[in-house]
2 protein chains.
Amino acid sequence: MHLLEERILADGCALSDGVLKVDGFINHQIDADLMYEIAKEFKKRFADITYNKILTIEASGIAPAVMLGYCMHLPVIFAKKQTPKTMDNVISVKIHSFTKNKDYDVLLSKSFLNKNDKVLFIDDFLAYGSAALGIKNLVEMAGAELVGMGFIIEKKFQNGGSILKEKGIRVESLAVIEEISAGKVKFSK
Amino acid sequence: MHLLEERILADGCALSDGVLKVDGFINHQIDADLMYEIAKEFKKRFADITYNKILTIEASGIAPAVMLGYCMHLPVIFAKKQTPKTMDNVISVKIHSFTKNKDYDVLLSKSFLNKNDKVLFIDDFLAYGSAALGIKNLVEMAGAELVGMGFIIEKKFQNGGSILKEKGIRVESLAVIEEISAGKVKFSK
């Protein structure tokens with residue numbers, strides 16, 4: 001997605017350890033109009049598959065997921081990282097965060113996902129694929145079907161994309177980064 | 001907002017201790033089309049004031065804030081409850097959660113808020129006003145101006161609305177709940 005790549009080059013910040021900082025338009029401050037364009041692109045890329053629910057993880061996945069929900073007129077579920085007081089009927093998985101080097105739980109109420117659901121997962125980043133694999137397990141625990149995964153940015157050098165595709169998951173990433181080095185971002189052609 | 005009140009009556013669940021469960025369309029599963037209608041209503045209610053940034057707190061505030069950002073073509077900032085690895089230039093406040101009966105930190109990067117900004121705060125719930133007062137302090141710490149606060153649901157019996165208005169804050173709540181008792185929700189007329 002050209003618009004997104006241009007924006008990453010203009011406003012993203014490549015840190016030395018393979019970290020790409022996009023908190024000016026995705027992760028902390030959000031460009032809502034860009035999110036709408038991102039959602040339209042997800043809609044186009046997944047136009048050949050059928051899904052009735054969109055799933056994401058709080059917090060940075062919510063903006064693109066809700067915009068896609070708006071474009072598709074579909075409900076959006078966001079998996080939580082803490083158990084709220086009013087949440088029941090909960091299923092959960094443990095996910096390892098390489099960025100923070102610790103495990104965290106991701107929770108979902110079974111009230112909103114069941115065997116009749118075809119689920120598209122949307123998130124901001126695909127790195128090692130750890131969160132995505134956790135979500136795959138969570139969707140299976142709910143008895144629902146995972147039909148695809150869409151990411152705003154994929155860091156290809158961290159291999160998550162290959163891991164997910166090997167498991168037969170349809171993956172679409174709007175900006176695929178081959179390499180981050182010397183403060184520069186190199187996209188896949 | 002009639003559409004929202006109808007939805008709360010249809011799909012909300014009034015728990016015994018003044019808690020309103022709306023996780024089927026706001027807090028866990030999100031009705032994206034409803035969020036768009038909510039954003040249009042916020043746009044209308046705040047049509048007489050000028051703002052250039054929308055601020056919210058992760059996670060449930062993100063959906064309505066991003067939709068308003070889309071309607072107004074304005075950037076949205078979400079304050080965080082944890083410090084991400086890539087966040088710098090941080091300011092923070094401590095907020096007491098009455099629901100969870102504990103304190104938590106809310107963080108913001110000063111990179112995205114400064115003395116030139118006029119900020120509209122958007123969140124899902126107004127209860128005791130604790131989070132909203134924390135946000136007021138955070139905006140002032142950044143040197144920016146808080147021009148208003150919009151909430152999807154206000155629980156009037158928990159008094160947050162009065163507290164904010166006493167401090168001179170312009171408050172707009174789309175559904176104002178007078179009372180929750182015996183499993184019933186009573187709206188303000």
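**Exercise 1. In which loop of chain B does His73(B) lie?**

Before we start: this is a predicted model, where local features need pLDDT of at least 70, side-chain atom pairs count only at pLDDT 80 or more, and totals for chains, interfaces and linings use all residues. Residues are numbered from 1 along each chain as its sequence is written, chains are lettered from A and ligands numbered from 1 in the order in which they are written, and side-chain values use heavy atoms, with hydrogens and water left out.

Step 1. Look between α3 and β5 (76–79) of chain B, and you'll find His73(B) in that loop. Helices here are DSSP runs (H or I, at least four residues), as are strands (E, at least two), and they're numbered from the N terminus.

Step 2. Check the backbone: His73(B) isn't a glycine, yet its phi is positive, about 55°.

Step 3. Check the surface. His73(B) counts as exposed, at 53% relative accessibility. The cut-offs are these: buried is under 20% relative accessible area, exposed is over 50%, and partly exposed is in between (1.4 Å probe, protein chains only).

Step 4. Now try chain A. His73(A) sits in the loop between α3 and β5 (76–79) of chain A. Its phi is positive too, about 55°, although His73(A) is not a glycine. With a relative accessible area of 54%, His73(A) is exposed.

**Exercise 2. Find the cis peptide bonds that end at Ala59(A) and Ala59(B).**

Step 1. In chain A, go to the bond from Glu58(A) to Ala59(A): it's cis, with omega near 0°. Ala59(A) belongs to the loop between β4 (53–57) and α3 of chain A.

Step 2. In chain B, Glu58(B) and Ala59(B) are joined by a cis peptide bond, with omega about 0°. Ala59(B) is in the loop between β4 and α3 of chain B.

**Exercise 3. Work out what surrounds Glu58(B)**.

Step 1. Place the residue: Glu58(B) is in the loop between β4 (53–57) and α3 (62–72) of chain B.

Step 2. Look for a charged partner. Glu58(B) is buried but has no salt bridge, and Lys80(B), the nearest side chain of opposite charge, is 5.7 Å away. For the charges, Lys and Arg count as positive and Asp and Glu as negative, while His and the chain ends are not counted. A salt bridge needs a side-chain nitrogen of Lys or Arg within 4 Å of a carboxyl oxygen of Asp or Glu.

Step 3. Look at the backbone instead. A polar atom of the Glu58(B) side chain lies 2.8 Å from the backbone nitrogen of Lys81(B).

Step 4. List contacts (heavy atoms within 4.5 Å). Leaving aside neighbours within four places in sequence, Glu58(B) touches residues including Ala59(A), Phe78(B) and Gln82(B).

**Exercise 4. Is His28(A) buried or exposed?**

Step 1. Find His28(A) in the loop between β2 (20–21) and β3 (29–30) of chain A.

Step 2. Its relative accessible area is 1%, so His28(A) is buried.

Step 3. See what is around it. Leaving aside neighbours within four places in sequence, the contacts of His28(A) include Asp23(A), Val76(B), Met87(B), Leu107(B) and Phe112(B). The backbone nitrogen of Ser109(B) is 3.0 Å from a polar atom of the His28(A) side chain.

**Exercise 5. At what angle do α3 of chain A and α2 of chain B pack?**

Step 1. Two packed helices are described by the angle between their axes and the distance between the axes. The axes are lines fitted to C-alpha atoms, for helices over the stretch in contact, with angles from 0 to 180 degrees between N-to-C directions.

Step 2. Helix α3 (residues 62–72) of chain A packs against helix α2 (residues 32–45) of chain B at about 100°, with the axes 8 Å apart. That makes α3(A) roughly perpendicular to α2(B), a label for angles of 65 to 115 degrees.

Step 3. Spot the meeting residues: Val66(A), Gly69(A) and Tyr70(A) of α3(A) meet Ala32(B), Asp33(B) and Tyr36(B) of α2(B).

**Exercise 6. How many salt bridges does the structure hold over all chains?**

Step 1. The count over all chains is 24.

Step 2. Try one pair: Asp31(B) and Arg7(B) form a salt bridge, their closest N and O atoms 2.7 Å apart. Asp31(B) is in the loop between β3 (29–30) and α2 of chain B, and Arg7(B) is in helix α1 (residues 2–11) of chain B, so the pair ties together parts 24 residues apart in sequence.

Step 3. Try another: Lys40(A) and Glu37(A) form a salt bridge (3.5 Å, N to O). Both lie in helix α2 (residues 32–45) of chain A, three residues apart, about one turn of the helix.

Terms used:
Polar contact = N/O pair within 3.5 Å; in protein donor to acceptor, adjacent residues only side chain to side chain. Parallel < 35°, antiparallel > 145°, perpendicular 65-115°, else oblique.
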